[in-house]
Amino acid sequence: MEKSLTPVIAGFIPLLDSAVLVAAAEMGFAEQEGIALKLVRETSWANIRDRIAVGHFDVAHMLAPMPIAASLNLTSLAVPMLAPMLLGLGGNAITVSTSLWEDMAAAGADTGGDPGSTGKALAAVIASRRAKSAPLLHFGVVHPFSGHAYELRYWIAAAGLDPDTDVEITVLAPQIMADALATGQLDGYCVGEPWNTAAVAAGTGRIVTYKQAIWPDSPEKVLGVTRKWAEANPLTLAALLRALSGAADWCASTENVEKLAGLLSSADMLGCPAEVCLPALEGSMRLGRNTMKQVPDFLTFSGGAKMAPMPAHGKWFHEQMVRWGQAERSEEASAAVAGIFSPDIYLSALGLENVPRDTPIRMFDGREF
Amino acid sequence: MIRGLSILVIDDNKIRASIIEQGLRDAGHDRVILVHQMDGLVRQIAEINPDVIVIDLENPNRDQLEHMFQVSRAVRRPIAMFVDKSDSHSIEAAVDAGVSAYVVDGLKRERVKPILDMAISRFRAFSKLNEELEEARSELADRKTIDRAKGILMKSKGLSEQEAYDLLRRSAMNQSRKIIEVARSLVIASGLLED
């Protein structure tokens with residue numbers, strides 16, 4: 001008789017980088033590992049946080065800084081969590097309105113998305129706006145504890161600006177961003193795909209830089225689990241990680257791109273046209289109306305060691321929380337963060353050994369972490 | 001006398017919002033304000049200056065709202081209802097029911113708990129209402145199918161309506177199936193034969 005499957009319920013937000021979970025559930029990778037993976041679509045990260053805390057979800061698609069924020073008690077309904085696997089690298093971009101882009105281009109912004117050059121141009125635009133007493137530029141991110149918030153702030157700060165006083169940063173749901181840009185509520189935003197491509201396709205936005213250029217091969221979403229669930233279900237978690245690693249390899253294969261875009265575009269997943277999903281999956285980005293750019297690693301899914309979390313990743317996110325006044329520095333917190341982003345559970349589930357663990361993080365402006 | 005709390009209910013679903021409003025008013029809260037859309041919400045919240053905010057979990061703007069509470073100086077700092085972890089039962093009940101609440105820091109728990117309990121019970125009642133509506137719809141559909149099956153039997157075998165129904169019931173009993181299943185098979189089969 002066939003062995004019965006262990007059910008695992010996963011919450012996800014309809015974004016391109018839910019691909020690994022979607023492929024694991026839809027392409028048989030979960031079943032192969034004895035898991036019945038049920039995906040539940042959510043409407044906000046707050047819901048993901050609340051529903052994993054009360055046990056509705058066993059695991060969830062999470063912004064990489066969320067398990068840290070929850071474990072350090074920086075948000076409500078905080079419970080100790082782990083990030084045992086990365087679900088994608090890169091995938092975000094910074095988009096500005098076409099009118100802000102015109103000003104930035106006039107100030108010499110690189111058309112290919114170089115973050116140093118576009119940041120400098122932004123600083124010049126802001127200086128001239130200040131001279132004219134023009135209102136502050138308004139930027140959107142999807143969550144205060146997100147890669148988006150930290151990438152946007154890092155890019156702005158690297159240009160010599162203060163993201164807390166030289167611009168205004170607000171939080172908006174990703175699917176609303178492109179409309180907010182079109183109506184002038186926002187001048188720019190940092191968001192995951194396909195919501196940058198959506199604004200470029202609508203002719204209302206221009207991509208000025210992207211995550212892969214700011215911090216190459218950096219984690220964006222992670223698999224989030226409560227420490228309690230991970231400790232109570234070690235075998236199920238290990239099987240799930242193997243399933244997700246297999247699914248990530250499948251997502252990474254170029255021959256599956258069209259099939260993946262089809263899966264993601266369906267009404268119960270992202271519910272958007274496949275052609276809006278494709279550019280980021282293929283690494284063939286339209287930055288502006290007439291500017292195409294090949295960015296092969298724009299958004300990376302890959303199984304194996306590449307999806308292992310590393311303490312250095314957690315440390316970078318925690319550094320940003322401290323830098324922007326969300327968290328305090330302490331030895332206790334640093335130790336907790338290293339534990340949350342430990343690769344051990346993932347590597348042992350996959351039987352991987354001798355994986356280098358201390359690769360330094362190098363940002364676009366040359367700073368190392 | 002303690003002044004009544006002002007309660008802001010944010011819910012896209014107007015029917016559910018008014019059900020909650022009614023419940024709160026019945027419980028003696030006369031300062032209840034409903035908001036259905038998020039445009040200009042910061043300004044509205046600053047004007048209303050609510051003590052308690054009740055929001056449905058389907059609302060995609062919860063992240064925006066929570067961020068606003070963190071940074072806005074115009075709004076008195078509401079905090080999530082759920083900071084009090086000792087009350088995990090309430091937390092689960094609220095999330096199960098699909099509702100969340102934020103209260104201004106410093107308010108006594110005893111004053112706020114009945115409001116959340118009310119919201120939870122009204123949310124539950126609403127989803128039960130919806131389920132009943134669904135059931136009623138599918139019952140109606142079932143009845144139509146059985147009527148069609150009866151009609152087919154009456155026409156093809158020259159039976160009265162009662163005889164046709166009895167035949168359906170007997171076949172169902174003999175095959176240990178439900179009447180609706182037999183009726184469905186019959187309607188499908190007769191559709192195939194007609195072509």
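**Architecture, contacts and cores of the two chains**

Read from the N terminus, chain B goes β-α-β-α-β-α-β-α-β-α-α-α. That makes 7 helices and 5 strands for chain B. The model described here is a predicted one. Chain B has 195 residues, and 29% of them count as buried. As for how the chain folds back on itself, take the contacts in chain B with a separation of 6 or more: 66% of these join residues 24 or more positions apart.

The domain assignment splits chain B in two, with domain 1 covering 7–131 and domain 2 covering 134–194. Between the C-alpha centres of these two domains of chain B there is a distance of 48 Å.

One spot in domain 1 of chain B can be followed residue by residue. B:His36 sits in a loop of chain B, with β2 (32–35) on one side and α2 (41–48) on the other. B:His36 counts as exposed because just 11 other C-beta atoms fall within 10 Å, and the cut-off for exposed is 12 or fewer. Exposed or not, B:His36 does have partners from elsewhere in the sequence: setting aside neighbours within four places, B:His36 is in contact with B:Asp11, B:Asp12, B:Lys14 and B:Ala17. B:Ile10 belongs in this picture too, since its C-alpha lies 5.9 Å from that of B:His36 although 26 residues separate the pair in sequence.

Chain A is also assigned two domains, but here domain 1 is pieced together from 6–88, 219–252 and 303–350, while domain 2 is the single stretch 92–214. The C-alpha centres of the two domains of chain A are 28 Å apart. Where these domains meet, 15 residues of domain 1 of chain A are in contact with 14 residues of domain 2 of chain A. On the domain 1 side, α4 (66–71) and α15 (311–323) of chain A each put in at least two residues. That same side of domain 1 of chain A is made up of 10 nonpolar, 3 polar and 2 charged residues.

Further along chain A there is a small piece of β structure. Strands β12 (residues 284–288) and β13 (residues 291–294) of chain A pair in the antiparallel sense, with 4 bridges between them. The two strands form a hairpin, with 2 residues in between. At one of the bridges, A:Gly288 is partnered by A:Thr291 of β13(A).

The two chains touch each other through 17 residues from chain A and 19 residues from chain B. On the chain A side, helix α3 (residues 45–53) gives the most, with 5 residues. By class, the residues of chain A that touch chain B come to 9 nonpolar, 6 polar and 2 charged.

That leaves the interior. In soluble globular proteins, nonpolar side chains tend to be buried together. The largest nonpolar core in this model has 162 residues, and the members that touch the most others are A:Val20, A:Ala23 and A:Ala24. Helix α12 (residues 234–252) of chain A supplies the largest share of this core, 9 residues. A:Val20 shows what such a position looks like: leaving out neighbours within four places in sequence, A:Val20 is in contact with A:Leu87, A:Gly88, A:Leu244, A:Ala247, A:Ala248, A:Cys251 and A:Phe301. A second core, separate from the 162-residue one, has 7 residues, including B:Ile146, B:Ala149, B:Leu153 and B:Val182.

Technical notes:
Residues numbered from 1 in each chain as written. Chains lettered and ligands numbered in written order. Predicted model: local features only at pLDDT ≥ 70, side-chain atom pairs only at ≥ 80, totals over all residues. Domains from an automatic or database assignment. Pairing = 2+ DSSP bridges. Buried ≥ 20, exposed ≤ 12 C-beta atoms within 10 Å, placed from the backbone. Contact = placed C-beta atoms within 7 Å. Nonpolar A, V, L, I, M, F, W, Y, C, P; charged D, E, K, R; others polar. Core = buried A, V, L, I, M, F, W, Y, C linked by C-beta atoms within 7 Å.
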